[in-house]
Amino acid sequence: MKTSWRSASLAASAAALLALTTGCGQDGGPAAGSQNVGATAAPGDVGDLGTGAGAGIGAGANGTQASASAPEPAGKLSVSTNAEIGELVTDGKGRTLYRFDADTAKPPKTTCENDCATAWPPVAADDALAGEGIDKALLGEVTRADGTKQLTIGGWPAYRYAKDTAAGDVKGQGVGGKWYALAADGKKAEAEDAAGLSTRNDPELGEIVVDRNGMTVYRFLKDEAWPEPVSACTGACLEKWPVVAPVEADDTKGVEKKGLMSFTRPDGAAQQTIDCWPIYTFAGDKKAGDTNGQGVGGTWYAVAPDGKPVGAPKK
């Protein structure tokens with residue numbers, strides 16, 4: 001059969017246009033030949049759309065439903081640590097992997113299709129490798145409605161989040177109250193609640209006490225501990241040096257239990273002590289790890305685990 005030059009040219013132009021529309025402007029978009037359903041809409045926080053959501057979108061002439069996109073390969077999986085979330089699974093490019101509460105793990109089942117799968121691209125199972133911290137036995141796959149294989153971890157289908165644009169991003173954590181970063185065992189990645197009082201190793205001061213929020217704890221050298229705690233910080237002083245509220249002994253980590261008690265201040269407020277010494281935080285510390293109160297006025301010092309003031313001049 002003879003083909004005219006004009007027909008061949010049109011066919012080549014159409015092929016070139018198709019290549020551009022499926023490959024340009026899409027960060028990690030679908031593989032060639034897949035249908036890019038919903039690509040004209042910016043991905044949103046789609047957290048409650050299941051297989052029935054967006055019915056009819058991308059339906060073919062025979063009434064079958066097209067996939068939102070072909071799952072993108074996972075690569076070598078590993079475990080990363082996020083300061084707020086804890087340990088979570090990342091793909092070969094360092095991107096966070098998520099699970100969806102509307103899915104199931106026993107048996108594995110995915111309910112995120114269409115617009116949902118545009119906002120939460122499924123992770124392909126084909127090339128997934130178990131890196132350090134990942135148990136190979138917990139890796140599996142589930143077949144999606146379009147026949148593609150999606151990675152599962154501990155039975156839970158794995159996704160990425162379209163708004164995570166850089167390695168280490170966790171913008172999908174908690175979206176809609178249904179999306180959570182995946183832990184290596186398939187559970188939700190959630191950091192353990194910090195102790196009411198614990199310690200951290202400061203590069204300049206050594207081991208010092210911090211509160212539940214990681215804020216440095218201080219002592220005031222004008223206070224008294226014996227025969228009972230007495231605070232010399234009153235009035236306006238308390239605006240700069242808020243008292244640490246009482247903490248249960250079993251809600252501490254690394255802090256000496258001897259003399260760990262609370263007392264009632266003259267204004268009726270209760271205050272925590274370490275080794276019977278009243279403790280405070282500093283309003284000038286704006287974030288966890290700050291030690292701006294250290295040495296202020298020659299009377300305020302960070303607290304060691306045994307209650308002693310760190311760096312205070314010896315008497």
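This is a conversation about aromatic pairs, charges over rings and unusual backbone geometry in a predicted model.

Reader: Why is the pair of Trp-120 and Trp-179 called stacked?

Author: The structure holds 12 aromatic pairs, and in this one the ring centres of Trp-120 and Trp-179 are 3.8 Å apart, with 0° between the planes. Centres within 6.5 Å make a pair and planes under 30 degrees apart count as stacked, so both values meet the definition.

Reader: What makes this pair a tie between parts that are apart in sequence?

Author: Trp-120 lies in the loop between α2 (115–119) and β6 (129–130), whereas Trp-179 belongs to strand β10 (residues 179–181), so the pair ties together parts that are 59 residues apart in sequence. Both residues also belong to a cluster in which ring pairs link Tyr-98, Phe-100, Trp-120, Tyr-159, Tyr-161 and Trp-179.

Reader: How do you know whether Trp-120 and Trp-179 are buried or exposed?

Author: Buried means under 20% relative accessible area; Trp-120 has 0% and therefore counts as buried, and Trp-179, with a relative accessible area of 0%, is buried as well.

Reader: Why is the pair of Tyr-218 and Trp-241 called edge-to-face?

Author: The angle between the planes of Tyr-218 and Trp-241 is 80°, and the centres are 5.5 Å apart; because planes over 60 degrees apart count as edge-to-face, the name follows. This pair links distant parts of the chain, with Tyr-218 in strand β13 (residues 218–220) and Trp-241 in the loop between α3 (237–240) and β14 (261–264), 23 residues apart. Tyr-218 and Trp-241 are both buried.

Reader: Which rings have the charged end of Arg-99 or Arg-219 over them?

Author: The charged end of Arg-99 sits over the ring of Trp-156, 3.6 Å from its centre, while Arg-219 lies over the face of Trp-277, at 3.7 Å from the ring centre.

Reader: What makes the backbone at Asn-114 and Cys-276 worth a remark?

Author: Most residues other than glycine have a negative phi. Asn-114, however, has a positive phi near 55°, and Cys-276 has a positive phi near 75°. Asn-114 is in the loop between β5 and α2 and, at 2% relative accessibility, counts as buried; Cys-276 is in the loop between β15 (270–274) and β16 (277–278) and is buried, with a relative accessible area of 8%.

Reader: Where are the cis peptide bonds that involve Pro-107 and Pro-227?

Author: One joins Lys-106 and Pro-107, with omega about 0°, and Pro-107 is found in the loop between β4 (104–105) and β5 (108–109). Another runs from Trp-226 to Pro-227, with omega near 0°, and Pro-227 is placed in the loop between β13 and α3.

Definitions and conventions: Residues numbered from 1 in each chain as written. Predicted model: local features only at pLDDT ≥ 70, side-chain atom pairs only at ≥ 80, totals over all residues. Heavy atoms only, no water. Phe/Tyr/Trp six-rings, centres within 6.5 Å; stacked < 30°, edge-to-face > 60°. Helix = DSSP H or I, 4+ residues; strand = E, 2+ residues; numbered from the N terminus. Buried < 20%, exposed > 50% of the residue type's maximum accessible area, 1.4 Å probe, protein only. Lys NZ or Arg CZ within 6 Å of the ring centre and 35° of its normal.
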